[in-house]
Amino acid sequence: MSLIEQIIARAKSNKQRIVLPEAEEERTLRAADRVLAEDIADLILIGNPDKVHALAKECGLTNIDKATLIDPLNCEKSEEYAQLLTKLREKKGMTIEKARELVKDPLYLGCMIIKTEGADGQISGALSTTGETLRPALQIIKCAPGITCVSGAMLMITEKPEFGENGVLVVGDVAVTPMPDANQLSQIAVCTAQTAKSVAGFADPRVAMLSFSTKGSATHEVVDKVIEATKLAKELDPTLKVDGELQADAALVPAVGKKKAPGSEIAGNANVLVFPNLEVGNIAYKLVQRLGDAIAIGPILQGIARPVNDLSRGCSVEDIYYLVAITACQAMDAKK
């Protein structure tokens, strides 16, 4: 069974309630129809009912009626949500008038549904920017306990079973925080290991904090940051298996790891890679994807108390379909 098949099977085993706030968008609706047909998740679609039904009919979709459909301009809980949003944001100057307008925005409405435990996760981005997706999530759902830094992980599926977990690696941050400090980098390590568990199904995440140095082979302030982040990650999660600083070859190749970092349980055996900054992470995963013919799935947003994931505006129906299953797996883990 492939990793994608495993993710879908886990989602089916414990169905979660996922909000799709861009239900008037064709790719989103087609993906929703497939999710509902295969019974992967319970869906809450936000959009004008007439437009959604008309689009479903035009596209020949037969399963949309299995979803809960909410009109953002005529939601029976709008006032309840507006009152709660005002309370949540009153120190930031939120007024009831402003809150009433915001809860008409499908992305804000979806996050309010999650906040009041009416749903378990949300996916948007087919029509919205990353900022538009993240803003209501951070204002309403907020970060997970002990976390202040949102980041993005990528699943890298390679044809090299000797690396990672039978060829699968989970890497971060590749999407959100450009120049994390040591504290933020430690949080990225913990969150990426958690994604490796909840989404990739790793029973034993082994985290390598990457650098251009291995165990003091070079000295620089950016190396010091990685060393400090490794220490902080262990403090943040004492159960975390993590080591650094490690070069990429020392993290992945047993013979190199043994030579450069003798005695390390991570060196040569890592299945989770944490990059020192976003620039390195984004470049590295794209090179592996293009030059190494790896499959890259993500980015998967992490660090939010309940999963809210971001699509590319150029996404496919299949991308949305897969991300529903991924978000469902994250939602299961968030409830533990």
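Helix H8, which covers residues 182-198, has 17 residues and spans 24 Å from its first C-alpha to its last, close to the 24 Å expected at 1.5 Å a residue. The model described here is predicted. H8 is mostly covered, with 13 of its 17 residues buried. The N-terminal end of H8 is capped by Asp181: one of the side-chain oxygens of Asp181 lies 3.1 Å from the backbone nitrogen of Asn183.

The next part concerns three strands and the helices between them. Strand S2, residues 42-46, is mostly covered, since four of its five residues are buried. S2 pairs with strand S1, residues 17-20, in the parallel sense. S2 also runs parallel to strand S3, residues 68-70. The table lists both pairings.

| Strand pair | Sense | Bridges |
|---|---|---|
| S1 (residues 17-20) and S2 | parallel | four bridges |
| S2 and S3 (residues 68-70) | parallel | three bridges |

Individual bridge partners can be named for each pairing. Between S1 and S2, Arg17 has Asp42 of S2 as its bridge partner. Between S2 and S3, Ile46 is partnered with Ile70 of S3.

Helices complete the picture of how these strands are linked. S1, helix H2 (residues 26-37) and S2 form a β-α-β unit, and this unit is right-handed. A second right-handed β-α-β unit consists of S2, helix H3 (residues 49-59) and S3. Strand S2 therefore belongs to both units, as the end of one and the start of the other.

Conventions
Residues numbered from 1 in each chain as written. Predicted model: local features only at pLDDT ≥ 70, side-chain atom pairs only at ≥ 80, totals over all residues. Heavy atoms only, no water. Buried < 20%, exposed > 50% of the residue type's maximum accessible area, 1.4 Å probe, protein only. Helix = DSSP H or I, 4+ residues; strand = E, 2+ residues; numbered from the N terminus. Pairing = 2+ DSSP bridges. Expected span 1.5 Å × (residues − 1). Polar contact = N/O pair within 3.5 Å; in protein donor to acceptor, adjacent residues only side chain to side chain.
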